[in-house]
Amino acid sequence: MSVGIDEISFYTSNFYLDLRTLAAKQQTDPEKYYTGIGQEKMAMATHDEDIVTMAANAALPLIERIGTNAISTLLLATETGIDQSKAAGIYVHRLLGLNANCRVVELKQACYSATAALQMACALVARQPSTKVLVIASDIARYDLDTPGEATQGCGAVAMLVSHNPRIMAIDAEVGNYTDDVMDFWRPNYRSTALVDGKYSTKIYLKALKKTWDSFSEVSRIGFNDFSYFCYHLPFSRMAQKAHQHLAKSNQSELSAEGIEAQIQPTLRYNQIIGNSYTASIYIGLCSLLDNVKENLAGKKVGFFSYGSGCVAEFFSGSIQEGYQACLHTERHMNMLAQRQELNYDEYLALYRYPDPRQGESVEIPKATLGRFRLAAIHQHKREYVVC
Ligand code: CAA
């Protein structure tokens with residue numbers, strides 16, 4: 001019996017800032033962003049969106065198809081949680097109308113935790129094949145203004161239905177893991193923006209790739225040349241390009257530079273115009289691959305490198321299934337991206353600086369998102385979500 005991803009769908013905000021606008025304000029050459037880090041636009045969550053509303057919006061198309069009673073467990077991965085105690089997935093569970101017998105839990109380990117959730121979901125399904133697990137990754141990437149990280153902000157959520165005999169991708173059991181206690185990127189509880197040692201973080205990312213690949217190669221018979229595509233964690237697209245060149249070189253790949261680039265290029269397209277979405281980014285990369293490659297990918301092997309600062313990393317693999325095209329949400333994804341509205345710099349700043357009440361004051365939040373779910377108010381420290 002195979003287990004893996006039966007259906008996948010993502011959501012991002014309806015608003016974005018073009019990095020040319022940011023570059024003009026900073027008096028920086030826009031090519032530093034467009035070419036240097038490989039990013040064009042960054043999605044900005046509206047003041048009535050957060051990881052809960054994005055998660056529910058990402059999962060809605062899956063639930064509309066499968067129904068509200070089919071899910072036995074909802075695992076929500078995030079590193080921008082809204083509560084130290086209550087799992088964000090409980091709000092999502094209500095917004096989607098899921099069955100009260102569904103288990104809900106939140107997972108955290110920087111950008112890695114969606115992969116932990118996916119593997120745990122596969123294990124639950126392997127134990128009880130009738131089980132269907134909903135895995136959601138949802139994050140808003142925020143750095144301080146005027147820091148090198150600012151241009152790598154973004155937001156997004158991805159929802160994956162995990163089942164036996166999956167229609168999109170079977171996930172292989174063999175994995176390579178790596179953990180190391182490092183301070184490359186972190187966010188103490190009292191901060192709303194991340195702290196990052198940028199250059200150091202890129203070095204640790206590459207080191208973790210080598211370590212997980214070595215560990216994967218010890219347990220798996222699948223070699224570098226067996227893979228057609230690779231999905232990487234995408235803090236910014238150039239990071240994945242550099243990482244993949246590094247991996248190809250260390251495996252003495254005979255592919256040309258163009259051939260190596262072709263193994264990841266389709267996975268980058270959505271990230272280049274959304275920005276970092278932390279836990280969701282690698283799986284939005286998978287959507288990008290599935291939606292943008294027109295040739296039939298059935299039977300192709302895909303390698304995944306999942307990285308979470310701090311750090312935990314994993315290399316694993318999957319096989320695309322026959323007939324996967326019929327299960328994709330390509331048109332919905334493309335329409336959502338095409339209908340986004342561009343922000344000017346002041347509008348971006350207004351969203352960035354929108355007050356986040358912390359003293360229990362009551363606030364009604366005006367509607368801005370075009371998504372189905374929104375944060376409508378905060379009263380007595382309680383967040384109130386509504387269906388639009
Ligand atoms: N035209 C073309 N390219 C240009 C250019 C121009 N005018 N100006 C600069 N560049 C190039 C540079 O040469 C450089 O390329 P190389 O890396 O190939 O040398 C690239 O643009 C970036 O320039 P800098 O190195 O000067 O950029 P920076 O220091 O201002 O910022 C960064 C880079 C440190 C990665 C910053 O974006 C950052 O801090 N990002 C957040 C941290 C991050 O994403 N880390 C990734 C690993 S950690 C992780 O993956 C977890 C996570 O999600 C955060």
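At what angle do H6 and helix H7 (residues 237–250) pack, and how far apart are their axes? In this predicted model, the two helices pack at an angle of about 40 degrees, and their axes are 10 Å apart. That angle makes H6 oblique to H7. Below you will find more on this pair, on two further helix pairs, on the surroundings of the ligand, and on the positions that UniProt annotates.

**Helices H6 and H7**

- If you follow H6 past H7, you will see a right-handed crossing.
- On the H6 side, the contact is made by Thr202, Tyr205, Leu206, Leu209, Lys210 and Trp213.
- Facing them from H7 are Met239, Ala243, His246, Leu247 and Ser250.
- Sorted by class, the residues of this contact are seven nonpolar, three polar and one charged.

**Helices H3 and H4**

- Helix H3 (residues 51–66) and H4 have axes that come within 9 Å and cross at roughly 45 degrees.
- H3 and H4 are therefore oblique to each other, and their crossing is right-handed.
- H3 brings Ile51, Val52, Ala55, Ala56, Ala59, Leu60 and Ile63 to the meeting, while H4 brings Ala88, Tyr91, Val92, Leu95 and Leu96.
- This contact has twelve nonpolar residues, with no polar and no charged ones.

**Helices H9 and H10**

- Next, look at helix H9 (residues 265–274) and helix H10 (residues 281–292), whose axes come within 6 Å and cross at roughly 120 degrees.
- H9 and H10 are therefore oblique to each other, and H9 passes H10 in a right-handed crossing.
- From H9, the residues in contact are Pro266, Thr267, Leu268, Arg269, Tyr270, Asn271 and Ile274.
- From H10, they are Ser281, Ile284, Gly285, Cys287, Ser288, Leu289 and Asn292.
- By class, the contact of H9 with H10 holds seven nonpolar, six polar and one charged residues.

**Around the ligand**

- Which residues are the closest to the ligand? They are Lys32, Gly36, Pro148, Gly198 and Pro235, out of 26 residues that surround the ligand.
- Two elements give two or more residues to this shell: helix H2 (31–36) and helix H6 (198–219).
- H6, which you met at the start, supplies the largest share of the shell, with five residues.
- The shell is a mixture of eleven nonpolar, ten polar and five charged residues.

**Annotated sites**

- An unreviewed UniProt entry lists Glu79, Cys111 and His233 under "active site".
- These positions are spread over 155 residues of sequence, yet they cluster in space, with a largest C-alpha distance of 14.1 Å.
- To find Glu79, go to the loop between strand E4 (73–77) and helix H4 (88–96).
- For "binding site", the unreviewed UniProt entry covers Asp29, Tyr143, Lys242 and Asn276.
- The binding-site positions span 248 residues in sequence and the farthest two C-alpha atoms are 22.5 Å apart, so they do not all gather at one spot.

**One loop and its residues**

- Asp29 sits in the loop between helix H1 (19–26) and H2.
- Gln27 also has its place in the loop between H1 and H2.
- What is phi of Gln27 near? It is near 55 degrees, a positive value in a residue other than glycine.

**A cis peptide bond**

- Another backbone detail to look for is the peptide bond from Gly310 to Cys311, which is cis, with omega near -5 degrees.
- Cys311 is in the loop between strand E13 (301–308) and strand E14 (312–320).

**The annotated domain**

- In an unreviewed entry, UniProt lists residues 176–247 and 252–349 for "domain: Hydroxymethylglutaryl-coenzyme A synthase C-terminal".
- Residues 176–247 are 46% helix and 17% strand, and the end C-alpha atoms of this span lie 14 Å apart.
- Residues 252–349 are 43% helix and 19% strand, and here the end C-alpha atoms are 46 Å apart.

Definitions and conventions: Residues are numbered from 1 along each chain as its sequence is written. This is a predicted model: local features need pLDDT of at least 70, side-chain atom pairs count only at pLDDT 80 or more; totals for chains, interfaces and linings use all residues. Axes are lines fitted to C-alpha atoms, for helices over the stretch in contact, and angles run from 0 to 180 degrees between N-to-C directions. Helices (H or I, at least four residues) and strands (E, at least two) are DSSP runs, numbered from the N terminus. Angles under 35 degrees count as roughly parallel, over 145 as roughly antiparallel, 65 to 115 as roughly perpendicular and the rest as oblique. A crossing is left-handed if the near helix is turned anticlockwise from the far one by less than a right angle, and right-handed if clockwise. Two residues are in contact if their C-beta atoms, placed from the backbone, lie within 7 Å. Ala, Val, Leu, Ile, Met, Phe, Trp, Tyr, Cys and Pro count as nonpolar, Asp, Glu, Lys and Arg as charged, and the others, Gly among them, as polar. A residue is near a molecule or strand if its C-beta atom, placed from the backbone, lies within 6 Å of it. UniProt positions are given in the numbering used here, feature names are shortened, and annotations may be inferred rather than shown by experiment.
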